[in-house]
Amino acid sequence: MAAGDLVLALTGASGAPYGLRLLEVLLAAGRTVHLTLSPAAVEVLEQETDRRVRLDRFDLGDLLGAAAAGAGPGRVHYHHYLDFQAGIASGSFLTAGMAVCPCSMGTAAAIAHGLSQNLIHRAADVHLKERRRLVLTPRETPLHVVQLRNLAACAEAGAVVLPAMPAFYTRPRSLQDAVDFIVGRVCDQLGVEHQLLRRWGEQGEASAAGE
Ligand SMILES: Cc1cc2nc3c(=O)[nH]c(=O)nc-3n(C[C@H](O)[C@H](O)[C@H](O)COP(=O)(O)O)c2cc1C
């Protein structure tokens, strides 16, 4: 454990590529990542990327594919989503923050109401109670009023709600650019340096007026 460690949870919202890219970027930045995935995240991952992860026999290669070989210099500590013995289940275990990326509406609801039914909910609870950074990247559309209230409750409790809404003023040329925009904004919130996006006001910015 070190105060710079980060927690990353992937849940069952569409957008597995956001979570995968975030993990790669955190490892490239040399961060120690406490990683956990919900069963629904595994389903979505397979649907969206053809990668098959086993929660009981986790292998980073199954998750990151060929990128696992070059991943680093950071480190991954995997925690089963029902392992309440994991350090990240306790506030005494120091971390620099947590991202839930992507964040399903179900997990957002559980966090909003403090349900702590799995390690992801509990670790999020811990980050809120310890007043540490918690970044949620929800993906759902349209949103009904209960979902909106749940997201508002998370924000009121201190979470940063950072929806998977890529911007277009950066003139993305590929899906990867759009993914990197969101992952870059998550990294900004976690205090992780990156070069994933061109910032407004920097040289070479898109020339569209009015932004
Ligand atoms: C392919 C697929 C895509 C899904 N997309 C979303 C989504 O974009 N947003 C969402 O909130 N739930 C989505 N779901 C439903 C969640 O996975 C489901 O509500 C699940 O119970 C969430 O569990 P978790 O929060 O523990 O991951 C999707 C499910 C599947 C199988």
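Biologist: Where does P142 lie?

Modeller: This is a predicted model, and in it P142 lies in the loop between β5 (134-138) and α6 (145-156).

Biologist: What makes the peptide bond from T141 to P142 cis?

Modeller: Its omega is near -5°, and the bond is cis. Most peptide bonds are trans.

Biologist: Which omega does the peptide bond from C101 to P102 have?

Modeller: Omega is near 0° there, and that bond is cis too. P102, however, is found in strand β4 (residues 97-103).

Biologist: What is the phi of S116?

Modeller: About 50°, a positive value, although S116 is not a glycine. Most residues other than glycine have a negative phi. S116 lies in the loop between α4 and α5 (119-129). R171 is another such case, with phi near 55° in a residue other than glycine. R171 has its place in the loop between β6 (160-161) and α7.

Biologist: What lets β6 (160-161) be called a strand?

Modeller: A strand needs at least two residues, and 160-161 meets that, so the name holds. Over the protein chain, there are seven helices and six strands. From the N terminus, they run β-α-β-α-α-β-β-α-α-β-α-β-α.

Biologist: Why is the protein chain called as compact as a globular protein of its length?

Modeller: The radius of gyration is 17 Å, and the globule rule gives 17 Å for 211 residues. The two values are close, so the chain is as compact as a globular protein of that length. Along the principal axes, the C-alpha atoms fill a box of roughly 50 × 45 × 35 Å.

Biologist: Now the ligand. Which residues come nearest to it?

Modeller: G12, S38, S104, T107 and R139, out of 14 residues around the ligand.

Biologist: What makes the approach of T107 to the ligand a polar contact?

Modeller: An N or O atom in the side chain of T107 is 2.5 Å from an oxygen atom of the ligand. The limit for a polar contact is 3.5 Å, so the pair at T107 qualifies. M105 passes as well, with a polar backbone atom 2.8 Å from an oxygen atom of the ligand. At R139, a backbone N or O atom lies 2.7 Å from a nitrogen atom of the ligand, and this pair is also within 3.5 Å.

Biologist: What percentage of the ligand's accessible area does the protein cover?

Modeller: The protein covers 65% of the 640 Å² that the ligand has on its own. Two elements, α2 (39-49) and α4 (105-112), give two or more residues to the shell. The largest share, four residues, comes from α2.

Biologist: How many residues of each class does the shell around the ligand have?

Modeller: Four nonpolar, seven polar and three charged. Gly counts as polar, so G12 is placed in the polar class.

Biologist: What is the volume of the largest pocket?

Modeller: About 270 Å³. The pocket is lined by 14 residues, and P17, Y18, L175, Q176 and V179 lie nearest its centre. The elements α1 (16-28), α2 and α7 (175-190) each give two or more residues to the lining. With five residues, α1 gives the most. By class, the lining has six nonpolar, four polar and four charged residues.

Biologist: Which residues line the second largest pocket?

Modeller: T170, R171, P172, R173, D177, D180, F181, L196, L197 and R198. This pocket has about 180 Å³ of space.

Biologist: How do you know the number of charged residues in the lining of the second largest pocket?

Modeller: Asp and Arg count as charged, so R171, R173, D177, D180 and R198 belong to that class. They are the five charged residues of the lining, beside four nonpolar and one polar. R171 is also the residue with the positive phi near 55°.

Definitions and conventions. Residues are numbered from 1 along each chain as its sequence is written. This is a predicted model: local features need pLDDT of at least 70, side-chain atom pairs count only at pLDDT 80 or more; totals for chains, interfaces and linings use all residues. Side-chain values use heavy atoms; hydrogens and water are left out. A residue is near a molecule or strand if one of its heavy atoms lies within 4 Å of it. A polar contact is a pair of N or O atoms within 3.5 Å; within protein, one must be able to donate a hydrogen and the other to accept it, and residues adjacent in sequence count only if both atoms are side-chain atoms. Accessible areas come from the Shrake-Rupley method with a 1.4 Å probe; for residues, only the protein chains shown count as cover. On a 1 Å grid over the protein atoms alone, a cavity is a set of points where a 1.4 Å probe fits but cannot get out, and a pocket is an open set with protein on both sides within 12 Å along at least five of seven lines; lining residues have an atom within 4 Å of a point. Grid points are joined across faces, edges and corners, and a volume is the space filled by probe spheres set on the points. The radius of gyration is taken over C-alpha atoms; the globule rule is 2.2 Å times the number of residues to the power 0.38.
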